[in-house]
Amino acid sequence: MPPLLPLLSALLAGALTLGWLLPAPMLNRRRAAAVASVTGLVASLFIAAAGALALYSSGFYALRTDRLAGLVYYDGVSAIALTLVSFIGLVVCRYSLRYMAGDPCQGDYFRWTGATIGAVSLAVLTGNLLVLVAALIATSLSLHRLLLHYPDRAGARRAAWSKFAASRLGDVALLGGVGVTYLEFGTLHLASLFAAIEAGPASPEAATTLGVIGSLLALGAIAKSAQFPLHSWLPQTLETPTPVSALMHAGVVNSGGYLMIRMSPLIAQAPLALTLLTLFGAATVMVGGLSMVTQSSVKRTLAYSTVAQMGFMMLQCGLGAFSAALLHLVAHSLYKAYAFLNSGSVLEEAKGSSVAVAKQTPSHFGRAAFLLGPVGVVVGFVAVALSSGLDLTAKPGGVTLAAVLCLALSAGVLEAALSSSRVQFAAAMAGSLLLGGFYLAGYMSVDWLAAASLPALSAPAPWLSVLVIGLFIGLLLIQVAQRLGWGGRLLQPLYVHALNGFYVEAMVRRGVRSIRA
Amino acid sequence: MPQPSTATSVATPPASINPPSFSKRASDSIRVHEALDSVCQRVAPVWPLADYVAVNPYLGFSKDGFFATSQRFREFSDCRMLMPLDYYRQCFGAGEFDSTHVDLAIDELVESRVPGAEYLTGHDLLSVLRSSGDDFGSAVGRSAVPSTRSISSVFDQRHESDWTTFIHDEIGKHCAAYYDEGQSLWANPWKGESLYAAWRAAMRHDRTASILGLSGLGGLVSDLPGRPEDAVVELMRSAGVPADRHDSYLLCLAYEQPGWAAWAQYRSKWLQDGQSKAGDGTGNDLVALLAMRMAYDVAVARSFGFEPEWPPADSEEALPPGVVDANSDVTLYALHRANEIGYRDKLLSALGASLTASSHPMRSQKLAQMVFCIDVRSERIRRQLESVDDRITTLGFAGFFGLPISVIAPGEPRATNQLPVLVAPRIAVKEEVRDANESARAHVVSQRTLVRRMRKSWKAFQRSAVSAFAFVETTGPFFGLKLAARSLGYGATSGGSRYDGVSKAERDRLGPSLTSLRANGLDVEAQADLAVSILRGMGLTADFAQLVVFCGHGCQTENNPLKAGLDCGACGGHSGEPNARLAAQLMNDPEVRRGLAERGIKIPQDTWFLAALHNTTTDEIAFFDEDLVPASHAQAIDELKTTTQRAGVQTRQERRRVMDSNTDSGMNRRARDWSEVRPEWGLTGNAAFVVGPRSFTESADLQGRVFLHTYDHRIDPEGQVLEAILTAPMVVASWINLQYFASTVDQRHFGSGAKTIHNVVGGFGVFAGNGGDLKTGLPWESIHDGESYRHDPVRLQVVVAAPRETIGEILQRHTSVRDLITNGWIHLVACDEESFYRLTSNAMWEPVPTTARPAPSEVAASA
């Protein structure tokens, strides 16, 4: 059966990107029409995408390798990503109806919102590597206009242009990667490329070329997905309306990760690329994670959180855990879109967790719980995994990521142990088992949909696993030390540096254009 | 007293190249301290978002005239106090005022000795109004650049650099981190110290300035003295600010970042050790903020070898007669005043007509007396209620119903102040489940504690650097469902935690407990005294209806950090529900009623006091504690509910025009929609405060622009009630009015800008975008609908129906209130013997000139 719905989606996405051609004054004059047509198109796109996903998961669409696949490459990966992007897009459009009401440039705003959603969707759907990269560039340029929605704000201009610079760096790497790919394979059709790669490199030279291509694409993705040290633009982009942040953090910034997952058959053949992804990802997790916990404004916390999460996604790709990365991409997008759109409720939420707490002295129970909790978490998680029939050791990066998950759940349990409340500790233990179950369920669903398009890899280099686990143990130690007030002398400077995002923003600013012009 | 710093940093004495003589130093220091004191008197505070109340940002200038203040601002900042010319042209074009008002305005300006006013003529101003564009250039006016500026901004202008913005971002960063009340999981390690000490400690490690090329800041900061006052003295010397500019320079720095200055002021003067103060706290955070700002200024000067000059202040050149400068302040001020007089005229003629119409039926049989807050939003619903059922009369009284309380919810760490911020709370009232036994109440507390602790751990799990990834991957898919629900208007989160730990059956009974009064030392006698003062204050001492309703108000809005600004200002930016419920319980208490009878207020047996809440977003009215109502009143209550529903429908219909809504359901949608930036218009449009009997306002459609306070001077011969009204509610109304005024005329300094980029900081304030200054005041969306201004910035027009003599005596006793009027922050008109008199800037009574408006006496004659 020809993939009619994916083709329709591509048409709708194309129609949205045509917004580029319309003059802004006309759009702003006929605000209602612009708003209605963009929202209508995005809604149709979502309906088509959801329908296509349903059909795909019931096995209607076989993976194609013909010429049609050069136009629309529809598989589990693109099915999931398209549904996600169009859903977030629809939510953002609905939100902006009222949120941007009365803005004299609302028409223009919707045009660029639509164009961004359309371009991302095209990037997701296309079966041609060059079109994919071109669509990503179009996405970035459309988003640029949204970042400049308040062009009079100096902060908005600075953020938009630093993002512009980082993205163009990424574009250079990506286009380089596309060029070398064409020279090597003589085609840019994904289906043909993947078929050619599946056999593995024929010669050491071919392996080197694959390494070059993989690394170029990885570097491009690193630049596009706000990885350290090119992340500093992301926390600066709060000068743009909230729904744009939602769209950016839930849709656009994932483009690098999506590219890695999409091209994973190729990336998997380039060990250097995998190492790069793991190292940059790990560094980004550390910088983003520590910066995140010190920020004092809600949106900046969320922005640094995205940086860290993007790092984690890249790290998962680097470990070869592409299914896990795809789950992360989806889950993070949904969470972050909600968190941004709901960021005005932060006071209500604070009210909901304000409670008079008596000073607690750690009880015997608390001490015991502190030591035994993490053990329980590990045992429980492994038990749940085994009973669900998932062999962690068979999945690339499985053990490493399971260890990271257990560390995280342990952190939650330790927090409950500190409260010395038995009920709370019991709830935390049960909760961590439940969360472990959720994780496995999510992972298995994504893996079931997308595994056919993702490469099977051997385990990552041991030193990378050790590095990753070490990183998370380090983060946990810092958290526990900070929570218990240990090591003040060491932690105070770390706090200040983290608050400043480790000065990356300042260094970029100094490098690009000093304040003293 | 300045608090000694707890900093343990290296406090080496600063190396001074030419140590001035001791006496010179001492006199310098005294002068700087004087300037500091004066600046600390000037800056108005801002409240945290959760308790947000409107504050008059010109509070510290009210001893000076309005126009003089606008001129003073020009010396050190680009703050504006008037609208641009185009605005007044539009008002004139729309018929808001006419040539007679212009003439009257000029006369008033001359009377209050506004410099340059004597050269204005009505003819010239009309030609300014009727022309368009820049026919009248501002070539003659003085330059827009203030004569006293920060060193960094002078440097920036000269070198096209951006240090001032950088400095504001840095100060914003430090203040946000220091004052953060729980946004960051990893809190500032120096929170326990003073702002100044915390900043210095952080600056030992902070490399931002040096990376960006501002060298020497770290050394400069570590060499500063341990007390911020001393630091200011020393930095003032280093900066080379001339002695006669100390004051202006400090004001300049404070008003460069009016938000943080206001917050520091709040933390110093209105809060102490977690207790609210009435402006008399002893902190020195503002001094610390100024010291911090000065350090950056001095660092810029030193780092770049820049020596700032201090040019003499230029004064506006007096124009020769016959030449009019369309954009000069005095021209704009005259037009501004003309616009205000235009409104006064309309208001007074509406009141005059109402006063003499006396066509309203005698309300013989009374169903209910409903007491509403003076809030302008009560005006519409009161009018509609009375029109639906003529057995209902309404009254206006400050919405905290005279109860100086703070309310502590079960298991919560902090009490909520439910009274105007000008008053310190006297009674701590517990919220608890009525008619529940001790163990049931303890159960509520323990359940709530558990639920909230778990939420807290869950939040920590969500946000910590170790577990944030796991949180996202395990729960992310559920957020997809939440996104869908919220987009469709389901799953509202606002107010969700109020009933934590309270079972469904108990919810209606969760409210303020009357027994708390006794626990606070108020015995029956004291309670009766309190009840008397409340009833006297609202003029309700006889002729009680079967039902007396205390109707507080609150808004309903989702995902809106500025919610408190739409709640009841008289209740400290909260819903008026607890006050209404407590007041009703107090009045229903048999012992209190006995005490009231002893004090001369006889409440009939069959009068029942009922508490209600007016939802100002949807205009629905909800009633409380209905289970307590005697069966004999059931029918009356049913009738009242039918009436309030119908009145609600009519009020919504009336509001459709201003809400751009075609349907009733539009209002309900706004209340639940998480993407709504204009749930309601709040107090936008507020313009007047009318003190008088309801007959004075009854038949006038005041369009939701007027605060209404019930008052009858015939039962207040001594003027005690009026004294309370003029010194408290009127001042609060003026704060609100000037807050809206300032946010409209100078959105950049005193407004909070576009809501779309608001970013809640530290749980107490908002940033616009990334950071920088704390934003205060109304957002753009609250005063403008995208096409035009919804708030007309006019100063509060107070109309008091009372003898001039009584008013005059009260003002003589309260000079600060009199200053507000004679200095032009409030306009006061008395309605005495059926004529209107205005209080001039010389504190004289003058008949209000009649223009198009018939005088009340004329209306009476013709009727």
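# Exercises on a predicted two-chain model

In this predicted model, the side chains of B:Glu340 and B:Arg795 form a salt bridge, with an N to O distance of 2.8 Å. The exercises below begin from this pair.

## Exercise 1. A buried pair

Determine where B:Glu340 and B:Arg795 lie and what their salt bridge ties together.

*Solution.*
Step 1. B:Glu340 belongs to helix α15 of chain B, while B:Arg795 is in the loop between α30 (780–783) and β16 (796–800) of chain B; the pair therefore ties together parts that are 455 residues apart in sequence.
Step 2. Both B:Glu340 and B:Arg795 are buried.
Step 3. The two residues also belong to a network of salt bridges, whose members are B:Glu108, B:Glu111, B:Arg337, B:Glu340, B:Arg344, B:Arg795, B:Arg838 and B:Glu846.

## Exercise 2. Two further salt bridges

State how many salt bridges the whole structure holds, then examine the pair B:Glu309 and B:Arg158 and the pair B:Glu626 and B:Lys641.

*Solution.*
Step 1. Over all chains, a search of the whole structure gives 67 salt bridges.
Step 2. In one of them, the side chains of B:Glu309 and B:Arg158 meet at 3.6 Å, N to O. B:Glu309 is in the loop between α14 (285–303) and α15 (329–357) of chain B, and B:Arg158 is in helix α6 (residues 151–159) of chain B, so this pair ties together parts 151 residues apart in sequence.
Step 3. B:Glu309 counts as exposed because its relative accessibility is 51%, and the cut-off for exposed is over 50%. B:Arg158, with a relative accessible area of 46%, is partly exposed.
Step 4. In the salt bridge between B:Glu626 and B:Lys641, the closest N and O atoms are 2.7 Å apart. This pair links distant parts of the chain, 15 residues apart: B:Glu626 lies in the loop between β11 (620–624) and α24 (634–659) of chain B, and B:Lys641 in helix α24 of chain B.
Step 5. B:Glu626 is partly exposed at a relative accessible area of 34%, and B:Lys641 counts as partly exposed at 28% relative accessibility.

## Exercise 3. The surroundings of B:Arg655

Locate B:Arg655, classify its exposure and list the residues that it touches.

*Solution.*
Step 1. B:Arg655 is placed in helix α24 of chain B.
Step 2. Its relative accessibility is 8%, so B:Arg655 counts as buried.
Step 3. Apart from residues up to four places away in sequence, B:Arg655 touches B:Arg380, B:Thr616, B:Thr617, B:Thr618, B:Asp619, B:Met667 and B:Glu680.
Step 4. A polar atom of the B:Arg655 side chain lies 3.4 Å from the backbone oxygen of B:Thr616.

## Exercise 4. Two covered helices

For helix α16 of chain A, compare the expected span with the end-to-end distance; for helix α8 of chain B, identify what covers its buried residues.

*Solution.*
Step 1. Helix α16 (residues 322–341) of chain A has 20 residues and, at 1.5 Å a residue, should span 28 Å; its end C-alpha atoms are 28 Å apart, which agrees.
Step 2. Since 20 of the 20 residues of α16(A) are buried, the helix is largely enclosed by the rest of the structure.
Step 3. Helix α8 (residues 195–203) of chain B is mostly covered, with nine of its nine residues buried. Among them are B:Tyr196, B:Trp199 and B:Arg200.
Step 4. The cover over the buried residues of α8(B) includes α22 (488–499) of chain A, as well as α7 (163–179), α10 (217–222), α11 (228–239) and α14 of chain B.

## Exercise 5. A nonpolar surface patch

Identify the residues of the nonpolar patch and the helices that supply them.

*Solution.*
Step 1. A:Leu434, A:Phe438, B:Phe478 and B:Leu481 make up the patch on the surface, and together they have about 390 Å² of accessible area.
Step 2. α20 (422–450) of chain A and α18 (468–487) of chain B each supply at least two residues of the patch. A:Leu434 lies in helix α20 of chain A.

## Exercise 6. Backbone geometry

Describe the peptide bond between A:Phe228 and A:Pro229, and give phi for A:Tyr503 and B:Asn559.

*Solution.*
Step 1. The bond joining A:Phe228 and A:Pro229 is cis, with omega about 0 degrees. A:Pro229 is in the loop between α10 (204–224) and α11 (242–250) of chain A.
Step 2. A:Tyr503, a residue other than glycine, has a positive phi near 65 degrees. A:Tyr503 is buried, with a relative accessible area of 7%.
Step 3. B:Asn559, also a residue other than glycine, has a positive phi near 55 degrees. B:Asn559 is in the loop between β9 (547–554) and α22 (577–588) of chain B, and is buried at a relative accessible area of 11%.

Key:
Residues are numbered from 1 along each chain as its sequence is written. Chains are lettered from A and ligands numbered from 1 in the order in which they are written. This is a predicted model: local features need pLDDT of at least 70, side-chain atom pairs count only at pLDDT 80 or more; totals for chains, interfaces and linings use all residues. Side-chain values use heavy atoms; hydrogens and water are left out. A salt bridge is a side-chain nitrogen of Lys or Arg within 4 Å of a carboxyl oxygen of Asp or Glu. Helices (H or I, at least four residues) and strands (E, at least two) are DSSP runs, numbered from the N terminus. Buried means under 20% relative accessible area, exposed over 50%, partly exposed in between (1.4 Å probe, protein chains only). The expected span of a helix is 1.5 Å times one less than its number of residues. Patches are made of residues with over 30% relative accessible area and no salt bridge: like charges are joined within 9 Å, nonpolar side chains (Val, Leu, Ile, Met, Phe, Trp, Tyr) within 5 Å. Accessible areas come from the Shrake-Rupley method with a 1.4 Å probe; for residues, only the protein chains shown count as cover. Contact means heavy atoms within 4.5 Å. A polar contact is a pair of N or O atoms within 3.5 Å; within protein, one must be able to donate a hydrogen and the other to accept it, and residues adjacent in sequence count only if both atoms are side-chain atoms.
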